[in-house]
Amino acid sequence: MTRLRRIWPLLAAGALLVLMVWNLGELVVELTGQFVYALDDPYIHMAMARNLAEHGVWGVTRHGFTSSSSSPLWTLLLAADYALQGANEAAPLWLNLLAALGLLALAWRVLEVAGLRPGESLLVLAAVVLLTPLPSLVLIGMEHTLHALLSLAFLACLSGLVLRRWQVPALAVCGALLALSRYEGAFLALVGCGVLVLQRRPRAALAVAAGSFAPLVLFGVLSLAKGWNFVPNSVLLKSLGESGTLQAQLAHFVTKGFQGLSSSAHLLLLLLLALGLLLLLQHADRLPREGERDWSASSLVGAYACCIVPHLQLARSGSLSRYEAYLVACGVVVLAAVLARLRERWGPMLSQLRSSALVVAMAAVVLLPLGARGASILLQTAQASRNIHEQQHQMALFLARYYPGGSVALNDIGWPSWAVDMHLLDLWGLASMEVATARRANRYGPEELHRLVDAHGVQVVIVYEHWFRGRIPPQWTKVAQWTLPNNVAVGGPTVSFFAPRPEQAEVLERQVREFSSELPQGVRAAFRPRSPRARPEAEQDAEDPSSP
């Protein structure tokens, strides 16, 4: 009974999470007729995991190595599941749900050690569920929930909240898993090493650094041996942009963090609050400490604050704000734990106030931007899944019907690579090294694009045309486009079909016309204009896809 009284906040928060995931999942099925993840990217991990499990190939297709995953650990977990029970679409969902429940369990333990009362812990755990928001992360189906769990575990170990006796080996193992879960996890591992150095523990810092970075180095060496970059293309292209000049890269690096802060009010608020609490802790260090719990609040909040700016410089916000989710989840728990420490230090000075006044005041400040962000993401999640069904799923069905085993060029590769056995040219460069090299060298124009497509014998090109302004080769013939309504998740509402060679245009147009009759309601197909004599009367009013 005593244990139940302790863990009831965790049970309640877990029930809230499961209920919200269930309801969102049911809404997705109602909108699409099947369960669909809220983004296209999880299908990239699923395709790579299946190819690893079934063919021993680390690649988006079974035909060769591609360094396309920014989360090797997540791909390995999916591959392990597929090796045990075969390729399936449910694995990312249940792995995410387990990671989310693990995050809540760890947050509960951290809050308990920090001294929060059960009612306060419930409020904080509910905030983690709603502000991150965890239900949306679960339905996104990617590694971000696991990344948040490992980030909080690393911070808790670093500050002595958990596993204090085995701190160094725990940090080394957690650092390795953290960096493998997402490459920006290396930020936190590096910060942790810096904290250990400041604590005059250089050997511990060296051990944690070796454990954290060794797996990334090994993977980088393997990637180089395969003719790819040291880091995955998904990290390199999204973080550093296209230009290969040193001056442009330095300018991009310096300005991106400031642009990120100016456009992410919630992260700026979390950073300012963390720095403010760090200053208060420095003053509170001079106060008596009788009966205080033995953990370092300064290490906890200082390490957290140091992760925000480099994240904004080298990472992105992303669709449904998924890349920053770990900062929100960890920030809520870290701020609550540090406020509890300040309450311990300043309890006698605040005796005239309610014991939870600081927590309530902080919650009121944090809830404004974070609450608006969380609500917006939750409201968009089901529609995002609908967008993926209306566009990426239809692309995959089209390619599976007309081009199985064929050579295809895409710039959004997720569901097609999962559903179709094909030879893929990724025109955005995440899964095609030639494209990535051209983009990084600033020579990715119409001539290079046509050369690559011709060299790979591509039969059909399906792209977001606005991603390639000024780059579409004149030799290509645009035959059709699909436009979906109310886009919140995909790279563009309109996807265009091109025939790489003129003699392929008629066949491709006939295929797209035939398939378009099966598109979900609301998705609008348009075709290139034809002479009135050659067009059926029902098609006389079809929109010209080349028009603006």
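Start with the largest cavity, which has a volume of about 100 Å³. You're looking at a predicted model, and a search of the whole structure turns up two cavities of 30 Å³ or more.

To see the walls of the largest cavity, select Asp41, Ile44, His45, Ser68, Ser69, Ser70, Met142, Arg182, Ser234, Lys238, Tyr323 and Leu430. Now color α2 (42-55) and α11 (233-240): these are the elements that give two or more residues to that lining. Try coloring the lining by class too, and you'll find four nonpolar, five polar and three charged residues.

Next stop: the second largest cavity, with a volume of about 40 Å³. Which residues line the second largest cavity? Pick out Ser151, Leu155, Leu188, Tyr304, Cys307, Tyr326, Leu327 and Cys330. Two or more of the lining residues come from each of α7 (144-159), α14 (297-314) and α15 (325-346). Highlight α15 in particular, as the largest share of this lining, three residues, belongs to α15. Color by class again: the lining of the second largest cavity has seven nonpolar residues, one polar and no charged ones.

Now leave the cavities and head for some strands. Select β5, residues 494-499. Is strand β5 mostly covered or mostly uncovered? Mostly covered, with five of its six residues buried.

Then bring in the partners of β5. Add strand β3 (residues 460-463), which pairs with β5 in the antiparallel sense over three bridges. To find one spot in that pairing, click Ile462 and look across to Phe497, its bridge partner in β5.

Add β4 (residues 477-483) as well. How many bridges join β4 to β5? Six, and the two strands run antiparallel. For a landmark here, select Thr477, whose bridge partner in β5 is Ala499.

Stay on β4 for the last stop and show the side chain of Gln481, which sits in this strand. Is Gln481 buried or exposed? Buried, because its relative accessibility is 7%, and the cut-off for buried is under 20%. Now show Lys478 too: the side chains of Gln481 and Lys478 make a polar contact at 2.7 Å.

As you turn β4 in the viewer, keep a general point in mind. In a regular strand, side chains alternate between the two faces of the sheet.

Methods
Residues numbered from 1 in each chain as written. Predicted model: local features only at pLDDT ≥ 70, side-chain atom pairs only at ≥ 80, totals over all residues. Heavy atoms only, no water. Helix = DSSP H or I, 4+ residues; strand = E, 2+ residues; numbered from the N terminus. Buried < 20%, exposed > 50% of the residue type's maximum accessible area, 1.4 Å probe, protein only. Polar contact = N/O pair within 3.5 Å; in protein donor to acceptor, adjacent residues only side chain to side chain. Pairing = 2+ DSSP bridges. 1 Å grid on protein atoms, 1.4 Å probe; cavity = no way out; pocket = protein on both sides within 12 Å on 5 of 7 lines; lining within 4 Å. Points joined across faces, edges and corners; volume = space filled by probe spheres on them. Nonpolar A, V, L, I, M, F, W, Y, C, P; charged D, E, K, R; others polar.
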